[in-house]
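Subject: Handing over the structure

Dear colleague,

I am passing this structure on to you, together with notes on what was found in it. Please have the sequence and the model open while you read.

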Amino acid sequence: MRTMKAAVLYDYNAPMVIEEVQLDDPGVGEVLVKMTASGVCRSDLHVLKGEWKSPLPTILGHEAAGRIEAVGPGVTRVKAGDPIVLSFKPHCGYCEYCMSGRPHLCTGMGGRAGTLPGGHIRLSKDGNLIYHFAATASFAEYAVIHESSAVAIGPETPLELAALVGCSVTTGVGAVLNTAQVRPGSTVAVIGCGGVGLNVIQGARFAGASRIIGVDISQEKLEFAERFGATDTVDAREENPVTAIRQLTGGGADYAFEVLGSGETVRTAFESVRTGGTAVAVGMAAVGEYAQIDAYLLAAQEKTLKGCFYGSARTHVDMPRYIALAQAGKLDLDSLVTRHYPLEDINEAYAALERGEVGRGLIVF
Ligand code: COD
Ligand code: ZN
């Protein structure tokens with residue numbers, strides 16, 4: 001067991017508390033990671049605001065990279081010193097989803113919300129258990145994670161940038177390449193140009209989309225979207241995004257991605273695609289929220305509405321590839337990060353995300 005500094009969430013809509021907590025040694029099939037950097041993602045904000053329920057107290061953080069500090073019994077794939085990206089979807093390798101190439105939907109791990117696979121909890125404070133958000137709990141100096149959550153990457157990868165591959169890059173680029181399988185020449189609309197939306201935009205550029213329309217409610221975000229490959233932008237405060245996208249594409253986009261997490265923007269994405277087009281919901285709305293779609297047009301225009309979890313990632317294949325694409329200059333990770341914070345400033349980092357400040361914030365350890 002070790003004592004370490006972490007950000008603990010005790011109540012929804014309350015600040016996280018920076019304090020010393022205890023972390024048990026890794027168990028069978030688990031590894032201990034020393035964190036290098038952890039991104040400030042809206043999914044954690046959904047929990048902070050109580051929009052998604054996660055058992056409390058918990059340590060948030062799920063977009064991270066670090067180095068293996070020690071391995072538990074039976075771990076052979078990684079060893080102390082190896083650089084890794086943390087995956088927030090551990091997978092068993094044997095269930096029907098894993099065996100059919102969809103490990104991001106694995107159902108074979110056991111456990112429940114806030115625990116590691118098998119139901120284990122390695123975090124505590126003075127004997128009281130603390131839950132592991134997203135099986136990663138990366139807003140802490142160290143984490144114990146399942147070995148399938150430790151994605152080995154090349155020794156030369158800058159770990160601060162690799163952290164982004166833990167969520168925003170894999171979710172956004174994967175939504176384009178894996179979930180939607182955007183074809184060259186297609187037209188693409190992206191509703192929400194935050195940390196993940198920018199990666200949908202650069203994924204669409206990489207996939208050869210002919211037109212990429214960024215939609216947001218912030219002029220600054222739209223300027224950022226252009227830097228990542230948006231050919232056109234729409235300010236949803238000033239124009240109806242559906243009308244604007246239909247005009248720009250001559251009837252509707254081939255693909256529209258919802259990258260915010262609300263029922264209303266899922267509807268916008270659905271209405272923005274042409275006959276035969278595909279709308280992809282990347283965001284996860286508040287629990288219990290519904291999206292209204294025109295059930296007549298769903299059939300009459302043969303539209304597809306698809307969900308996307310974690311960029312439909314095969315983490316151990318896709319994450320090293322996204323890093324290789326970044327190293328080849330085909331994906332831009334450097335420009336995504338606009339602010340660095342120490343762990344002590346984590347509440348300010350989430351306030352900045354909520355205020356809609358541009359780009360990705362990164363907690364560095
Ligand atoms: N129309 C258009 N854009 C809007 C609107 C609107 N009505 N309202 C807000 N926006 C913009 C904001 O200005 C902002 O730029 C953007 O939407 C949201 O960006 P961020 O940076 O706040 O959020 P991200 O990119 O960090 O996260 C977005 C997700 C959709 C990934 C997240 O919210 C989510 O739902 N994640 C669940 C999906 C998933 O796979 N999760 C796994 C862990 S992330
Ligand atoms: Zn995330």
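I begin with Asp232, which is found in strand E13 (residues 232-235); helices (H or I, at least four residues) and strands (E, at least two) are DSSP runs, numbered from the N terminus. Asp232 counts as buried because its relative accessibility is 15%, where buried means under 20% relative accessible area, exposed over 50%, and partly exposed in between, with a 1.4 Å probe and protein chains only. The side chain of Asp232 makes a polar contact of 2.9 Å with the side chain of Arg211. A polar contact is a pair of N or O atoms within 3.5 Å; within protein, one must be able to donate a hydrogen and the other to accept it, and residues adjacent in sequence count only if both atoms are side-chain atoms. If neighbours within four places in sequence are left aside, Asp232 is in contact (heavy atoms within 4.5 Å) with Arg211, Ile212, Ile213, Gly214 and Leu248.

Before going further, please note that this is a predicted model, in which local features need pLDDT of at least 70 and side-chain atom pairs count only at pLDDT 80 or more, while totals for chains, interfaces and linings use all residues. Residues are numbered from 1 along each chain as its sequence is written, chains are lettered from A and ligands numbered from 1 in the order in which they are written, and side-chain values use heavy atoms, with hydrogens and water left out.

The zinc site

The zinc ion (ligand 2) has as its protein donors Cys41 (SG), His62 (NE2) and Cys167 (SG), which lie 2.0 to 2.2 Å from it. Donors are N, O and S atoms within 2.8 Å of the metal (3.2 Å for Na, K and Ca), and since water is not among the atoms, sites may look incomplete. The arrangement around the zinc ion (ligand 2) is irregular because its four donor atoms subtend angles of 81 to 125 degrees; four donors count as tetrahedral if all angles lie between 85 and 135 degrees, four count as square planar and six as octahedral if opposite donors are over 155 degrees apart and all others between 65 and 115, and anything else is irregular. Along the chain, the donors of the zinc ion (ligand 2) follow the spacing C-x20-H-x104-C. Distant parts of the chain are linked in this way, with Cys41 in the loop between strand E3 (30-40) and helix H1 (42-48), and Cys167, 126 residues apart from it, in the loop between helix H3 (159-165) and helix H4 (168-180). Both Cys41 and Cys167 are buried.

Around ligand 1

Which residues come nearest to ligand 1? Of the 28 residues around it (near means that a heavy atom of the residue lies within 4 Å), these are Arg42, Ser43, Asp216, Met284 and Arg360. A polar side-chain atom of Ser43 lies 3.0 Å from a nitrogen atom of ligand 1, an N or O atom in the side chain of His46 is 3.0 Å from an oxygen atom of the ligand, and a polar side-chain atom of Arg360 lies 2.7 Å from an oxygen atom of ligand 1. On its own, ligand 1 has 900 Å² of accessible area, of which the protein covers 92%; such areas come from the Shrake-Rupley method with a 1.4 Å probe, and for residues only the protein chains shown count as cover. The elements that give two or more residues to the shell around ligand 1 are H1, helix H5 (195-206) and strand E12 (211-216), and H1 gives the most, with three residues.

Other places to look at

Helix H8 (residues 263-272) is mostly covered, as seven of its 10 residues are buried. Its buried residues are covered by elements including helix H7 (241-249), strand E14 (253-258) and strand E15 (273-281).

Thr136 is placed in the loop between strand E8 (128-132) and strand E9 (142-146), and with 0% relative accessibility it counts as buried. Ala135, in the loop between E8 and E9, has a phi near 55 degrees, a positive value in a residue other than glycine, and is buried at a relative accessible area of 9%.

Glu302, in the loop between H9 and E16, also is not a glycine and has a positive phi of about 45 degrees, but Glu302 is exposed, with a relative accessible area of 64%. Finally, the peptide bond from Leu56 to Pro57 is cis, with omega near -5 degrees.

With best wishes
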